[in-house]
Amino acid sequence: MLKRVPAAGRGRLAVVAAVVVIVVAGVIIGFLRADPAARTAAAVIPLALEVNQPEAVTSLHAPITVRGTATGAKSLTVGGQPVTPAADGGFQVTLPRLTSDAAVVATDADGKTLTRPITVRAEVPRIRAVHVTAYAWAYEPMREDVLNMAREGRIDTVQLDIKDEDGVVGYDSQVPLARDAGASAGIYNATEALKTLHDMGIRVVGRIVAFRDRTMAEWAWHAGHPDWVIQNPGGGPYASHYGAIAFTNFASAEMRRYNIDLATEAAGLGFDEIMYDYIRRPDGPLSSMVFPGLTDTPANSIAEFLRESRDPVRAAGAFQSAAVFGIAATRPEEIAQDIPLMARHLDYVAPMLYPSHWNAGEYDVASPNSQPYDIVFRSLQDFQRQVEGTGAKVIPWLQDFSLGVNYGDAQVRAQVDAAAAVGIPSFFLWNAAVRYHSGALDPA
C-alpha cells in the first residue's frame, strides 16, 4: 500500500532529483565530448623496444644471451623464439648460437612492430695450432702426441683435414657428390673427434683442399663432366707435377658447390672454422690452361668463390679462412691469389711462409731458410699491409720440417717469435708427417 507524501516533502524530492539528473547528464556529455585518445591514454602503454647487445663471441657455435626491455608489446620474439617479458617489460633469452638474421621483434595490440637486429661481434681468438691429417688422427700414437701438446697447453687449436690433397674426405661425408665420386672415406669419426677436442677446450679448424682434387677430377672426367676439370688448350685434362688429372675447375659452378657443401656440412658437425687450401689455379704458364666457363680473370673468380662461400659457412656456424702462397703478396697473378680481394671474404688469411720455400734475396733476406726469423718477420709485415681495411686478420703457417736446413726447436721458435714481434700471437705449424717440435712452444 503506497503512502502519500506531504506536499512539502514532494517539493524537496523534486529538487534532489533535478540535481541528480543535471549532474549525471553533465558527466555523460563531458565523456562524449572528450577526445577518444585521451579517454584511453591512461590504459595504453606506447610500444618501445630496447636491446642490450651480447658480448663478442669467439665461436659461432657458442650460445649467446640477449637482454632488453619491451614495453607495450602484445607479442615478443627473440631469434624467432616466443618470449613473455616480465611485468616491467624486461626479458633475457639465451639462444643456441648466433645466426646472421637473428632479431628481436615486438608487436603491440594494433599490429605496430618494432624490430632490432641482434648484432654480435664475432672474432677469431688466438690460434696456436698444428696440422693433423685424417690418417694421423685415426692412428692412436700420433693422435696422442697431438693431444699431449694440447694437455700441456702448448697448442689451443688443431687443424684437422676434411678433404686432403688427393681429394679424399676423411670422415663419412653425406654430401652426394662426395659419395658418387668415392671421395667419402670414413677414416675417422668426425663427431667423436670434435667431442674429444672440444671437451678439452680445443678449437678445431677443418682444412679443405679445394681445387687440387685428383679423386674428383678423375671421376668427373670419366663420368662425362670434362668442364669440371681444368683443361689444356687441346681439350685434354691439364697435367702437372701433381698428376695427370689433378685440378678441378674453380670456374665450375658444380665444383664450387661441391666444396661449399663439404664446408657447410663440416661446420654443421661442429668444426669451428673452415680453411680452404689450394684455392688457386695451378702454378705454371697461364697459356697452358683452359678454365671452361670462366668469364673473368682467375684471380677474380677465386675471390668470387670465397664470397659465395662465406655466408653459407657462417650460417652453418664456422669462420672462414684460406691458406695462400707466401709469394701471393708480391706476385698475385702467378697462382691467381689476389690477397686484398680474397681477404674481404675471409676472417683471416693464412700465408704459408715456410723459410725453405723462399728464394735467396726475397724481402732482402740473403738466405731465408737459414734466417727463419727475418723472412717471417718481413713477409708478415707485407701481408698485414695487404689486408688493411678488409676486416681480415693474418695468421701464418710456419715451418716445422727440414728441407735443406735442419730444423729443430730453435728454428721453429724463431718463426713464432717473429710473428709475435709484428703483433700476431697466432700460428699454424706444418709438418706433413705430423711430427712436431713441442719444445719450441711454451706450455700453459
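Strand β13 has five of its five residues buried, so the strand is largely enclosed by the rest of the structure. The model described here is predicted. This briefing covers strand β13 and its neighbours, an open sheet of four strands, helix α8, and a selection of the 15 aromatic pairs that the structure holds.

**Strand β13 and its partners**

- The side chains of β13 point in two directions: Tyr-348, Ala-350 and Met-352 face one way, Val-349 and Pro-351 face the other way, and all are buried.
- Strand β12, residues 319-325, runs parallel to β13 and is joined to it by five bridges.
- Within this pairing, Phe-325 stands opposite Met-352 of β13.
- Strand β14, residues 393-394, also runs parallel to β13, and two bridges join β14 and β13.
- Lys-393 in β14 is the bridge partner of Tyr-348.

**The open four-stranded sheet**

- Four strands form an open sheet in the order β4-β3-β6-β7, and their pairing is antiparallel.
- The edges of this sheet are β4 (81-82) and β7 (113-117), each of which pairs on one side only.
- Strand β3 (residues 75-78) and strand β6 (residues 103-107) are paired in the antiparallel sense over four bridges.
- Val-78 stands opposite Val-104, a residue of β6.

**Helix α8**

- Helix α8 has 17 residues, which at 1.5 Å a residue should span 24 Å; the C-alpha atoms at its ends are 24 Å apart, in agreement with that expectation.
- The buried residues of α8 are Met-255, Arg-256, Tyr-258, Asn-259, Ile-260, Leu-262, Ala-263, Glu-265, Ala-266 and Ala-267.
- An α-helix has 3.6 residues a turn, so residues three or four places apart point the same way.
- The buried residues of α8 pack against three strands and three helices, namely β9 (157-163), β10, β11 (273-277), α5 (176-180), α7 and α9 (298-316).
- After α8 comes Gly-270, which has a positive phi near 130°.

**Aromatic pairs and a charge over a ring**

- The structure holds 15 aromatic pairs, one of which joins Phe-211 and Phe-250.
- The ring centres of Phe-211 and Phe-250 are 6.2 Å apart and the ring planes meet at 70°; because an angle over 60 degrees counts as edge-to-face, the pair is described as edge-to-face.
- Phe-211 belongs to the loop between β10 (203-209) and α7 (214-222), whereas Phe-250 belongs to the loop between α7 and α8 (253-269), so their pairing ties together parts that are 39 residues apart in sequence.
- Phe-211 has a relative accessible area of 0% and is therefore buried.
- Phe-250 likewise counts as buried, at 0% relative accessibility.
- Another aromatic pair, formed by Tyr-354 and Phe-401, is edge-to-face, with 5.6 Å from centre to centre and 75° between the planes.
- This second pair links distant parts of the chain, 47 residues apart: Tyr-354 is in the loop between β13 (348-352) and α11 (372-386), and Phe-401 is in the loop between β15 (397-399) and α12 (409-421).
- Tyr-354 is buried because its relative accessible area is 6%, and Phe-401 is buried with a relative accessible area of 17%.
- Phe-211 and Phe-250 also belong to a cluster, in which ring pairs link them with Tyr-276, Phe-291 and Phe-305.
- Elsewhere, the charged end of Arg-143 sits over the ring of Trp-137, at 5.8 Å from the centre of that ring.

Key: Residues numbered from 1 in each chain as written. Predicted model: local features only at pLDDT ≥ 70, side-chain atom pairs only at ≥ 80, totals over all residues. Heavy atoms only, no water. Phe/Tyr/Trp six-rings, centres within 6.5 Å; stacked < 30°, edge-to-face > 60°. Buried < 20%, exposed > 50% of the residue type's maximum accessible area, 1.4 Å probe, protein only. Lys NZ or Arg CZ within 6 Å of the ring centre and 35° of its normal. Expected span 1.5 Å × (residues − 1). Contact = heavy atoms within 4.5 Å. Pairing = 2+ DSSP bridges.
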